[in-house]
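Here are my notes on the model you sent over. Have a look at the picture first, then go through the points.

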Amino acid sequence: FGMMCYFFRIPDDLRRNGKVGRWGAPNAEFNWCEPDYELTDWVAEPVNTFSNIAMILSPAVFLATHVAAKNTVVIAVLEIAIAMGSMLFHGSLRYSMQLCDELPMLWFSLACA
């Protein structure tokens, strides 16, 4: 039931107003991971932002060292796209970057279906 509520209205407790950083005030629909812009005004959530480096490097190294089937390449590229979008979103907490985070997840789901 809780998830269905998101289709109609985002709960107010998930709309946290954080500090204003280099990219402007956070305007994403969800903001619950880390305190905003605590370490620097360039990166809103540094742990979430930089942890995506492993998600970029792992499939990239795999593709560089293996001969993969076409469907495996598609999945690996989409995984890289998810990680890059996640870096953009957690680095800025902007709505447009939230879409860069979420849309590749939908494409990944469709590719796996």
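The points below go through helix 4, the core, the aromatic rings, two backbone angles and the cysteines.

1. Ground rules. This is a predicted model, so local features need pLDDT of at least 70 and side-chain atom pairs count only at pLDDT 80 or more, while totals for chains, interfaces and linings use all residues. Residues are numbered from 1 along each chain as its sequence is written, and side-chain values use heavy atoms, with hydrogens and water left out.

2. Helix 4. I'd begin here, at residues 70–92. Helices are DSSP runs of H or I with at least four residues, numbered from the N terminus. The expected span is 1.5 Å times one less than the number of residues. For the 23 residues of helix 4 that gives 33 Å, and the end C-alpha atoms are 33 Å apart, which agrees.

3. What helix 4 buries. Buried means under 20% relative accessible area, exposed means over 50%, and partly exposed is in between (1.4 Å probe, protein chains only). The buried residues of helix 4 include Ala76, Leu78, Ile80, Ile82, Ala83 and Phe89. What do the buried residues of helix 4 pack against? Their partners are helix 2, helix 3 (52–65) and helix 5 (95–112).

4. The core. The largest nonpolar core has 5 residues: Ala28, Tyr37, Ala44, Phe89 and Leu93. The term covers buried Ala, Val, Leu, Ile, Met, Phe, Trp, Tyr and Cys residues joined through side-chain atoms within 4.5 Å. Phe89 is worth clicking on: leaving aside neighbours within four places in sequence, Phe89 is in contact with Ala28, Phe30, Arg94, Met97, Gln98 and Asp101. Contact here means heavy atoms within 4.5 Å.

5. Two positive phi values. Most residues other than glycine have a negative phi. Tyr37, in the loop between helix 1 and helix 2, has a positive phi near 50 degrees. Leu93 has a positive phi of about 55 degrees although it is not a glycine, and sits just after helix 4, in the loop between helix 4 and helix 5. Are these two core members buried or exposed? Tyr37 counts as buried because its relative accessible area is 6%, and Leu93 is buried because its relative accessibility is 0%.

6. Phe62. This one is in helix 3. Its relative accessible area is 34%, so Phe62 is partly exposed. Leaving aside neighbours within four places in sequence, Phe62 is in contact with Ala68 and Thr72. The C-alpha atoms of Phe62 and Ala76 are separated by 8.4 Å, with their positions 14 residues apart along the chain.

7. The aromatic pair. How many aromatic pairs are there? The count comes to 1. Trp23 and Trp42 form that pair, edge-to-face, at 5.5 Å centre to centre and 75 degrees between the planes. Both lie in the loop between helix 1 (2–6) and helix 2 (46–50), 19 residues apart. For the rule, rings of Phe, Tyr and Trp (its six-membered ring) pair if their centres lie within 6.5 Å; planes under 30 degrees apart are stacked, over 60 edge-to-face and the rest tilted. Trp23 is partly exposed because its relative accessibility is 41%, and Trp42 is partly exposed because its relative accessibility is 47%.

8. Cysteines. The structure holds 0 disulfides, the test being a pair of cysteine sulfur atoms within 2.5 Å. Cys100 is partly exposed because its relative accessibility is 30%, and Cys112 is partly exposed because its relative accessibility is 46%.
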